[in-house]
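Grab a pencil and work through these exercises with the model open beside you. Try each task yourself before you read its solution.

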Amino acid sequence: MRFKYVLNEVLVGLWRNVTMTIAMIITMSVSLTMLGASVLMYMQVDQMKTYYYGEIEVSIFLREDVTEAQRTAINQAIEADPLVLSKTYETREQAFEKFKVLWRDSPDFVKSVGPDSLPESFRVKLKDPEQYQAFSGQIKNLPGIQDIVDQRELLDKVFKIFNAIQVMALVVAGFMALAALLLVGNTIQVAAYSKRREVAVMKLVGASNWFIQAPFVLEAVVAGLIGAVLGFVFIFVGKVVLLDGRLQALTNVLTPIPNGNVWLMLPLLAGVGAGVSAITAWITLRFYLKV
């Protein structure tokens with residue numbers, strides 16, 4: 001009987017303040033969407049780091065006037081180095097073919113570059129990419145070497161940009177979460193004020209604190225859960241329509257987002273939405289109703 005009464009009061013409360021309830025749900029859904037997207041981005045950047053750092057190569061570009069003897073000496077030095085996992089040699093012609101594929105959308109630019117414009121190189125994969133300095137120090141002074149480039153330095157710059165985007169997304173989510181909390185608290189206050197006489201009567205007849213607070217707290221929890229479900233739907237649709245559809249070409253740069261990670265957002269957002277709403281409602285009631 002008590003449960004039926006509490007449930008009925010929750011439904012009546014949501015309908016009585018329907019405009020504020022809708023505003024609370026929308027704000028909560030936007031906030032949780034940003035939060036879920038931020039968490040997904042953190043997981044994706046970590047996955048990308050694992051993938052790309054495992055594919056890192058050290059590029060050893062040779063001088064234009066390198067001799068066959070110098071080229072052989074460099075090759076032997078690389079093969080004898082215990083830090084090296086594997087190596088490949090790339091001629092000028094091979095480098096030019098890669099260049100044409102990379103810039104195939106800019107034919108005029110490709111025409112302005114010839115095979116002689118690109119240096120031959122050795123592509124070296126280290127057993128431990130962190131040992132780049134040690135490896136570079138051993139061969140950088142060999143005759144015939146023009147430059148040594150560690151791809152990790154380039155990737156670090158890219159990941160710094162991703163990390164900045166992560167922080168910005170979390171900051172926006174934080175502001176939206178604050179707005180959602182204020183809306184939850186305000187909605188609960190309005191609901192409690194509209195039922196102030198009923199609350200006073202329940203106090204007089206000896207109703208327990210949890211019985212008085214339960215309908216208001218559950219009202220906030222329901223709104224939080226609906227906002228969490230909507231937030232998950234936004235994330236899932238965004239992943240399917242954008243990343244798997246219109247922006248599928250980005251998978252050449254960004255590693256694909258597993259569906260399992262996306263589904264993981266549903267219980268996460270539901271837990272955060274319900275938990276934060278319940279705590280906010282409870283604290284608001286403690287100050288407003290003094291129960």
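**Exercise 1. Find what share of the protein chain is buried, and how far you can trust the model.**

Of the 291 residues in the protein chain, 37% count as buried. Buried means under 20% relative accessible area, exposed means over 50%, and partly exposed is in between (1.4 Å probe, protein chains only).

Now for trust. This is a predicted model, in which local features need pLDDT of at least 70 and side-chain atom pairs count only at pLDDT 80 or more, while totals for chains, interfaces and linings use all residues. Residues are numbered from 1 along each chain as its sequence is written, and side-chain values use heavy atoms, with hydrogens and water left out.

The score itself, pLDDT, is the predictor's confidence in each residue, from 0 to 100. The protein chain averages 75, and 75% of the residues score at least 70. Confidence is lowest in helix H1 (residues 2-16), with a mean of 56, and highest in helix H3 (residues 68-80), with 88. Where pLDDT is low, the predicted coordinates should not be read in detail.

**Exercise 2. List the secondary structure of the protein chain.**

Start by counting: there are 10 helices and 4 strands. Helices (H or I, at least four residues) and strands (E, at least two) are DSSP runs, numbered from the N terminus. Then read the order from the N terminus: α-α-β-α-β-α-α-β-α-β-α-α-α-α.

**Exercise 3. Check the length of H3 and work out which way its buried residues point.**

Step one is the length. H3 has 13 residues and, at 1.5 Å a residue, should span 18 Å; its end C-alpha atoms are 18 Å apart, so the two agree. (The expected span is 1.5 Å times one less than the number of residues.)

Step two is the buried set: Arg71, Ile74, Asn75 and Ile78. Seen down the axis of H3, these buried residues fall within an arc of 100°, so they line one face of the helix. That arc is taken from the directions from the helix axis to the C-beta atoms.

Step three is the surroundings. Ala69 and Ala80 are exposed on the other side of H3. The cover over its buried residues includes strands E1 (58-62), E2 (84-90), E3 (121-126) and E4 (145-150).

**Exercise 4. Trace the ring cluster around Phe232.**

Searching the whole structure gives 4 aromatic pairs. Rings of Phe, Tyr and Trp (its six-membered ring) pair if their centres lie within 6.5 Å; planes under 30 degrees apart count as stacked, over 60 as edge-to-face and the rest as tilted.

One of the pairs is Phe232 with Phe236, which is tilted, at 6.0 Å centre to centre and 35° between the planes. These two are about one helical turn apart, because they sit 4 residues apart in helix H9 (residues 209-246). Phe232 is buried at 7% relative accessible area, while Phe236 is partly exposed at 27%.

Phe232 also forms a tilted pair with Trp263, at 5.1 Å and 45°. This pair links distant parts of the chain, since Trp263 lies in helix H10 (residues 259-288), 31 residues apart from Phe232. Trp263 is partly exposed, at 46%. Put together, ring pairs link Phe232, Phe236 and Trp263 into a cluster.

**Exercise 5. Describe the setting of Ser29.**

First, place it: Ser29 is in helix H2 (residues 18-54). Next, Ser29 is buried, at 3% relative accessibility. Finally, leaving out residues up to four places away in sequence, Ser29 touches Gly227, Leu230, Gly231 and Phe234, where contact means heavy atoms within 4.5 Å.
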